[in-house]
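Biologist: I would like a close look at a single part of this model. Please take me there step by step.

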2 protein chains.
Amino acid sequence: MNKDWNTIEFLRHVRHDWLNKIQLIKGNLDLNKPDRVKEIINEIITETKQEAKLSNLDIPQFATKLLVANWENYYFRLEYEVLAEEKCQITEDETLTDWITLFFETLNQHIKPFADNHLFISIHSMVDGLRLYVDFNGILINAESMSPFLQQPCSKQLMLENIEINNKELVFEVWMNREKTGK
Amino acid sequence: MNKDWNTIEFLRHVRHDWLNKIQLIKGNLDLNKPDRVKEIINEIITETKQEAKLSNLDIPQFATKLLVANWENYYFRLEYEVLAEEKCQITEDETLTDWITLFFETLNQHIKPFADNHLFISIHSMVDGLRLYVDFNGILINAESMSPFLQQPCSKQLMLENIEINNKELVFEVWMNREKTGK
C-alpha cells in the first residue's frame, strides 16, 4: 500500500471524502433544493464510474497513483476520466507509474502552493496504444523550468506531444505505442 | 493490509458500500421523501462517527478487523458502536485481535449460511478495563457446539461473562481488566 498507509488511515481519508459529499447533499436538502441534490448525486455516480473504469484497466500501480493522489498533499487537485478502456499490460503499468510519479513531483515543485491548481488527465486506452491528455490549470512558477522534464520523458516507450505551456496552463499529450511494447 | 487486499480492491469495497448509501438517498429523493432522506443521512453520519471513534481507540489491529469484517464474506452482518473511549494499549490490541479473529471464525462455522444473521458489538473502553457487549441474532446450528469456545477464551486476560445462548441468539460480555495488563 502506498506510503505505508495502514487500513485505519486509509479509511480515514476515504471517510473524509465521502462525508464531504454527504454534507453537500445535506446542505442542499436543508436549503430545499432537491434538483441540486439530484445533480450532485449524478456527479458522484459519474465520478465513481470513472474510478471503477480506471480500476479495471489492468494497470493497478498507475491506477493507485491516480486514486490516492488527492490524499498525497500535492498542491494541485487531480481529476481524471477514462474514455477508451482497452485492457493494458504489466510493462505499461510500470512505465506509466514511473512517469506519472515523476510528473506529479516535478509539477508540484513548479506550481504556486495553495493556489487554485487543477490537473485533469483524460485516459484513452486503445488497441494501438494509450494516450493521456494532460491539462493543468493554475499558477506555474517559472514555467520554463519545467522544460527539461517535458523534453526528456523518463522512458523511450513514452512520447510527449503537442506541448503548450505558459504561466497559467500546461497542456500536452502522452503517447504510448502498443506495438513497441510487444502487443 | 488484511487479506493482502491491494488498494484497488480495497477501494472497490469502499466504493460499493458508499454507492449503496447514495442509491438509498437517490431512491427516496425520487419517491419525494425528503424526510426519509434526512434520516438516512443522519444514520450515515452516526455510522461514520462510530467508525472514527473505533479508529481513535489506539487498537489498530482490532479496529481493522471490525472495519473490514463485512467485506470478509462471513455469514453474518456486523454492526458496532463505541460508547466509552478510553485509549487502549498495544497488549490489549493483540489480545483482542486474536480473540475476535477466533470468535468471527468460530461463529461463522456455527451459523446458518445466508440466513438473516446479525452480530452487534458494543465497545466500552474505560479506565479500569474494556468491556464488549456481544449480541448475535440469527440462526445458530447446534448451539451447544459453541460451548467449548465460550468456556475457554483464547487468553487469560479476557473473561467471558453472562453468557446466554439458544438457537436464535447468543449474548455475552467480554471483560478485560486494565490492572492485570499493567496500566
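Is N32(A) buried or exposed? Please show me where the residue sits, and then set it in the whole chain.

Modeller: Keep in mind that this is a predicted model. N32(A) counts as exposed, because its relative accessibility is 64% and the cut-off for exposed is over 50%. Now place the residue. N32(A) belongs to the loop between helix 1 (7–30) and helix 2 (34–55) of chain A. Its backbone deserves a look too. Phi of N32(A) is positive, about 60°, although the residue is not a glycine.

Chain B offers another case. D58(B) is also a residue other than glycine, and its phi is positive, near 70°. This residue sits in the loop between helix 2 (34–55) and helix 3 (60–68) of chain B. Its relative accessibility is 43%, so D58(B) counts as partly exposed.

Next, take a buried residue. E173(A) has 16% relative accessibility and therefore counts as buried, since buried means under 20%. E173(A) is part of strand 5 (residues 169–177) of chain A. Follow its contacts. Neighbours within four places in sequence are set aside here, and E173(A) then touches R131(A), L132(A), Y133(A), M159(A), L160(A), E161(A) and N162(A). Pick R131(A) from that list. R131(A) and E173(A) are 42 residues apart along the chain, yet 6.8 Å separates their C-alpha atoms.

Now step back to the whole chain. Chain A holds five helices and five strands. Read from the N terminus, their order is α-α-α-β-α-β-β-α-β-β. The radius of gyration of chain A is 18 Å, close to the 16 Å of the globule rule for 183 residues, so the chain is as compact as a globular protein of that length. Its C-alpha trace spans about 55 × 40 × 35 Å along the principal axes. Of the 183 residues in chain A, 49% count as buried. Look at contacts in chain A with a separation of 6 or more: 69% of them join residues 24 or more positions apart.

Then turn to the surface and the charges. The accessible surface of chain A is about 9,300 Å², and carbon and sulfur atoms hold 47% of that. Chain A carries 20 positive and 29 negative side chains. The centres of these two sets are 5 Å apart.

Last, compare the two chains. Chain A superposes on chain B after a rotation of 180° with 0.0 Å of shift along the axis, at an RMSD of 0.0 Å. The two copies are thus related as by a two-fold rotation axis. Both copies use the same surface, as 100% of the contact residues of chain A recur in chain B.

Technical notes
Residues numbered from 1 in each chain as written. Chains lettered and ligands numbered in written order. Predicted model: local features only at pLDDT ≥ 70, side-chain atom pairs only at ≥ 80, totals over all residues. Heavy atoms only, no water. Helix = DSSP H or I, 4+ residues; strand = E, 2+ residues; numbered from the N terminus. Rg over C-alpha atoms; globule rule 2.2 N^0.38 Å. Buried < 20%, exposed > 50% of the residue type's maximum accessible area, 1.4 Å probe, protein only. Contact = heavy atoms within 4.5 Å. Areas by Shrake-Rupley, 256 points an atom, 1.4 Å probe, with all protein chains shown as cover. Lys, Arg positive; Asp, Glu negative; His and termini not counted. Charge placed at Lys NZ, Arg CZ, Asp CG, Glu CD. Least-squares fit on C-alpha atoms with pLDDT ≥ 70 in both.
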